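Visitor: I should like to understand the reasoning behind the labels given to this model. Please show it first.

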Amino acid sequence: MMDVEVRQSKLVGGGRGLFAKKSFDTGDVVYTTSRPFVAELDTTRLQDTCAWCFRQPRCNDESANEETAVLPCAACKRVRYCSKTCQSKAWKREHKYECKAIAPQDRPDLPHGVRAVIKLLGRLQADPQGKDEQLIDILRFQPYADEGLLAAMKKAKPQRCEDFDMLAYGAWKYAGEPKIGDVDSLGLAKGFFYNVMNNTVSLSGMEDVSLGTGFDPIVCSANHSCDPNTIVVFNQPTLVVRALRPIPAGEEICIKYIDITNPRSVRQAELHDQYYFECKCSRCEQGSEAREDRFLKPIDQLNPTFSKVADGLIQRHTKQLERFAIGDNASPAQQRLAAISAEAFSVSGTTFDFNKGNEHASEDETRDALRLCLNSGMWDWARQPVPHLLRQLLVAKLSTGQTYAAWRIAAKMHFLTAPILFPTPSYPDRLLDAWTLANITNQLISPDDDALYREILRGGLDLRIVSAGLILEVHEHVTGSYGRDSPLGRAVEAAHRQLTAAMQISNEELREEIRRTWPKFEAVARSADVLNV
């Protein structure tokens with residue numbers, strides 16, 4: 001019996017909504033499913049990830065050989081599995097409907113939505129009596145079930161809808177133009193495609209790397225809020241919805257559809273562009289008074305040097321200023337700050353307006369965008385896009401083996417961005433960042449970095465204690481986030497056991513060492529120069 005129910009939303013303009021049938025405390029599991037109803041790997045992950053459990057390259061299934069990487073389906077050779085158990089589950093549920101369609105080796109890898117629709121049509125054709133209620137339920141979602149919304153979408157985004165129609169037609173053809181009673185199966189293909197692609201949840205791995213997209217009729221019935229009361233976590237392959245704060249029985253369950261750490265204008269533009277609605281949640285109603293919209297100084301106090309820089313950027317980003325609006329963008333000061341925002345966001349590439357995860361931005365471009373924001377005196381370390389840029393710079397340093405530089409960036413994020421962006425200690429993003437920092441710290445105290453470790457130790461900071469503190473921090477809070485029985489939970493548990501076994505002092509003495517070390521660690525993090533590394 002589920003502890004949630006789907007019914008009419010109470011939100012303005014809302015359709016379906018998800019509601020709590022009982023009270024939940026912070027960290028409680030509100031809803032979980034063993035695997036999303038639809039789960040499709042990114043094409044870049046087809047060769048190294050199990051197409052059923054989404055683990056890389058092996059899963060913990062008792063029948064799996066832990067030394068065996070994912071192996072391809074013998075028939076199509078397109079998708080891979082980590083065990084016979086995963087392959088059997090996939091075949092029975094869905095892969096048998098797509099295997100022949102994706103087998104031709106001269107055919108390119110098909111997009112998420114096309115693969116999903118091929119399988120959904122096959123499942124529907126094999127269920128003529130409609131016993132699978134969730135399968136039929138997909139067609140009741142927006143936008144395809146709402147003629148008015150669908151018409152508005154086609155008017156606002158004609159090219160996108162044309163692409164959707166073409167891809168749905170392709171899926172229908174690849175599925176063999178199935179006969180499903182007296183129903184127009186091409187119409188069904190379009191309904192599946194539109195509704196799945198407009199209601200997906202991102203499926204990410206333990207390192208926060210995108211693995212694919214998913215759709216679940218229960219989870220995807222939850223509406224958006226920029227101040228959500230739950231968070232969706234993907235535990236490869238389990239999908240879990242956890243409470244971010246106490247939720248009384250009867251309250252509507254809301255999740256985030258977008259990055260809610262962005263300023264209001266960015267959030268609203270992205271929601272309008274992707275989902276065709278204006279968010280009226282409590283955070284959005286605060287306007288410029290919300291933390292993510294505040295600057296360090298009144299906007300008319302921008303340094304004259306940066307005012308001149310901003311005046312030049314206004315011309316470059318004229319078409320983008322509304323999407324990065326400061327107030328009503330009527331004054332020169334407002335336009336200047338909007339132009340600086342547009343420039344920095346274009347480098348971070350983290351909004352709908354630019355290439356996601358701007359892989360084309362160089363390390364120097366990322367650093368220059370950070371300098372633009374921070375040296376202007378208007379941005380703090382937790383106002384976007386500074387955190388986006390810091391993460392981008394961190395990834396660049398790790399990819400080039402600059403471990404100490406990466407450590408300084410991660411340490412600064414640990415103290416100056418994470419607690420502000422994610423006040424709840426068990427928030428998934430905050431835990432992943434702490435776990436990443438713990439792993440980077442361990443790299444610094446490895447034999448390869450012995451000289452560097454001694455240098456840091458001479459400065460009064462024992463990285464072994466820092467590592468222990470971070471592991472204990474993640475271990476303490478993972479239960480209320482990913483859970484112990486998750487890829488991250490198991491990795492943390494193993495690190496915690498190793499730490500406990502290696503301790504030469506009591507648990508109480510270790511915690512006292514951590515307590516004494518943490519102010520030094522924070523001081524180092526706050527003083528670290530990340531703009532000139």
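**Strand pairing and burial**

Guide: In this predicted model, threonine 230 stands opposite alanine 243 in β11.

Visitor: What makes β10 and β11 a pair of strands?

Guide: Two strands pair if at least two bridges are found between them. Five bridges join β10 (residues 230–234) to β11, and the strands run antiparallel, so the criterion of at least two is met. In their hairpin, four residues lie between the strands, and glutamine 236 takes a positive phi near 45°.

Visitor: How do you know that β3 pairs with β11?

Guide: Four bridges link β3 (residues 29–33) to β11 in the antiparallel sense, and the pairing therefore satisfies the requirement of at least two. Within β11, valine 241 is the bridge partner of tyrosine 31.

Visitor: Why is β11 called mostly covered?

Guide: Buried means under 20% relative accessible area. Five of the five residues of β11 (residues 239–243) are buried. Leu239, Val241 and Ala243 lie on one side and Val240 and Arg242 on the other, so both faces are covered.

Visitor: Why is α17 described as largely enclosed by the rest of the structure?

Guide: Of its 15 residues, 12 are buried, which means that α17 is largely enclosed. Among the buried residues are Leu463, Glu473 and His475.

Visitor: What caps the N-terminal end of α17?

Guide: Aspartate 462 does, with a side-chain oxygen 3.0 Å from the backbone nitrogen of arginine 464. A polar contact requires N or O atoms within 3.5 Å, so a distance of 3.0 Å falls inside the cut-off.

Technical notes:
Residues numbered from 1 in each chain as written. Predicted model: local features only at pLDDT ≥ 70, side-chain atom pairs only at ≥ 80, totals over all residues. Heavy atoms only, no water. Buried < 20%, exposed > 50% of the residue type's maximum accessible area, 1.4 Å probe, protein only. Helix = DSSP H or I, 4+ residues; strand = E, 2+ residues; numbered from the N terminus. Polar contact = N/O pair within 3.5 Å; in protein donor to acceptor, adjacent residues only side chain to side chain.
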